[in-house]
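Trainee: I should be grateful for a close look at a single part of this model. Please explain one helix carefully, together with whatever surrounds it.

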Amino acid sequence: MNFLEAREEYLKAKRLAQKETRMLRLQGKETEPAVLDDILGEGFTGTTIEVGLVNIPVAKIVGTKTAGRITVFSAGFMPLMDEETEFAQKWMHLCASHMSDEGIRSPIICYEYLGKFYIQEGNKRLSVLKYFGASQIQGIVYRIMPEYS
């Protein structure tokens, strides 16, 4: 896949993101990925355990660890930025890599909390793979154990 084809795929993914965002807004639902740090709150004192490299079901990835990247993705991790941005350029390069012999090989880094996954590193990798219909993605997982009540 060349860069022009990757650009076309980006524009298709962006249209999907815009459509998803409109639908969620009409339904009164959140239009951005969930943020684990917001869910846990500042005073969280649970335990974190390194699980290691795991094949993560894409359907169970619901958000990000921090709020830093939520505005560039729809709730389903499709890209929302204009195609001239640095973000879009990186997405397109990942897309071209995914469709080449090289592929996307680096695992994402994420946290698991109550059976759901929140990405810390690898949002664009997830976005590209999800756009192409991947059912799972390799990731280094840290499990957060809830506080005992």
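Mentor: In this predicted model, the buried residues of α4 are Asn123, Lys124, Arg125, Leu126, Ser127, Val128, Leu129 and Tyr131. Helix α4 is thus mostly covered, with 8 of its 9 residues buried. The cover over these buried residues includes two other helices, α1 and α3, and the strands β3 (61-64), β4 (108-113), β5 and β6 (136-145). Just beyond the end of α4, glycine 133 adopts a positive phi of about 85 degrees.

Helix α4 also takes part in a pocket. The largest pocket holds about 190 Å³ of space. The elements that contribute two or more residues to its lining are β5 (116-121) and α4. There are 13 lining residues, and those nearest the centre of the pocket are Arg69, Gln120, Glu121, Gly122 and Asn123. Asn123 therefore appears twice in this account: it is one of the buried residues of α4 under the cut-off of 20% relative accessible area, and it is among the residues nearest the pocket centre. By character, the lining divides into 2 nonpolar, 6 polar and 5 charged residues.

Let us now turn to a neighbour of this helix. Helix α1, which forms part of the cover of α4, runs through residues 3-26. Its 24 residues reach 35 Å from the first C-alpha to the last, close to the 34 Å expected at 1.5 Å a residue. At the N-terminal end of α1, asparagine 2 acts as a cap, with a side-chain oxygen 3.0 Å from the backbone nitrogen of leucine 4. Just after α1, glycine 28 has a positive phi of about 75 degrees.

The buried residues of α1 are Ala6, Glu9, Tyr10, Leu11, Ala13, Lys14, Ala17, Thr21 and Leu24. A general point helps in reading such a list: an α-helix has 3.6 residues a turn, so residues three or four places apart point the same way. The cover of the buried residues of α1 includes α3 (86-99) and α4 (123-131).

Individual residues show how α1 meets its surroundings. Threonine 21, in helix α1, counts as buried because its relative accessible area is 9%. Leaving aside residues up to four places away in sequence, threonine 21 touches Thr31, Ser74 and Leu80. Glutamate 8 is also found in helix α1, but it counts as partly exposed because its relative accessibility is 40%. The C-alpha atom of glutamate 8 is separated by 9.0 Å from that of methionine 92, although these residues stand 84 residues apart along the chain.

Tyr10 and Lys14 of the buried list lead to another contact. Methionine 81 touches both of them, as well as Val72 and Phe87, again not counting residues up to four places away in sequence. Methionine 81 is placed in the loop between β3 and α3, and it counts as partly exposed because its relative accessibility is 27%. Its C-alpha atom and that of tyrosine 10 are separated by 9.8 Å, with their positions 71 residues apart along the chain.

Helix α3, which helps to cover the buried residues of α4, offers one last example. Serine 97 is found in helix α3 and counts as buried because its relative accessibility is 18%. Beyond residues up to four places away in sequence, serine 97 touches Glu102 and Gly103.

Conventions: Residues are numbered from 1 along each chain as its sequence is written. This is a predicted model: local features need pLDDT of at least 70, side-chain atom pairs count only at pLDDT 80 or more; totals for chains, interfaces and linings use all residues. Side-chain values use heavy atoms; hydrogens and water are left out. Helices (H or I, at least four residues) and strands (E, at least two) are DSSP runs, numbered from the N terminus. The expected span of a helix is 1.5 Å times one less than its number of residues. Buried means under 20% relative accessible area, exposed over 50%, partly exposed in between (1.4 Å probe, protein chains only). Contact means heavy atoms within 4.5 Å. A polar contact is a pair of N or O atoms within 3.5 Å; within protein, one must be able to donate a hydrogen and the other to accept it, and residues adjacent in sequence count only if both atoms are side-chain atoms. On a 1 Å grid over the protein atoms alone, a cavity is a set of points where a 1.4 Å probe fits but cannot get out, and a pocket is an open set with protein on both sides within 12 Å along at least five of seven lines; lining residues have an atom within 4 Å of a point. Grid points are joined across faces, edges and corners, and a volume is the space filled by probe spheres set on the points. Ala, Val, Leu, Ile, Met, Phe, Trp, Tyr, Cys and Pro count as nonpolar, Asp, Glu, Lys and Arg as charged, and the others, Gly among them, as polar.
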